[in-house]
Amino acid sequence: MKNYEKKLKEKGVVLFFVKNQDKQKFLKFAKNIGCKWVNNREIDFLNDECKNFMAIDNNFTLGFISPMCWIALKKNNEKINVFEIKERIC
């Protein structure tokens, strides 16, 4: 979790591309590092929905982002493909 805390402090937000087969694993990862949804609700990785484009901010708030935002935020923010953190989320 320390690596993500450092990246979030540096960047303010970290963007994630989540493949369909990794959505439940990603939500489990987010819950394990202390994230909550933007409405402050706990993450239920067994029942909650996940999109392909997700973001976590420096307050460990998790939310969906649109593909347009994904492209627009490309230059200023850290982007991580979920396969890069697969070992941490399994």
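This short talk covers one buried aspartate and the nonpolar cores of the model. The model is predicted, with local features needing pLDDT of at least 70 and side-chain atom pairs counting only at pLDDT 80 or more, while totals for chains, interfaces and linings use all residues. Residues are numbered from 1 along each chain as its sequence is written, and side-chain values use heavy atoms, leaving out hydrogens and water.

I start with Asp48. Asp48 sits in the loop between β2 (36-37) and β3 (53-57); strands here are DSSP E runs of at least two residues and helices are H or I runs of at least four, numbered from the N terminus. Is Asp48 buried or exposed? Its relative accessibility is 17%, so Asp48 counts as buried, the cut-offs being under 20% for buried, over 50% for exposed and partly exposed in between, with a 1.4 Å probe and protein chains only.

The Asp48 side chain makes polar contacts with the side chains of Trp37, at 2.8 Å, and Arg41, at 3.2 Å. A polar contact is a pair of N or O atoms within 3.5 Å; within protein, one must be able to donate a hydrogen and the other to accept it, and residues adjacent in sequence count only if both atoms are side-chain atoms.

Now the cores. A nonpolar core is a set of buried Ala, Val, Leu, Ile, Met, Phe, Trp, Tyr and Cys residues joined through side-chain atoms within 4.5 Å. The largest has 17 residues, and Phe16, Phe26, Cys35, Met54, Ile56 and Leu62 touch the most other members. From α2 (23-32) comes the largest share of this core, four residues. A second, separate core of six residues includes Val13, Phe53, Ala55 and Ile65.
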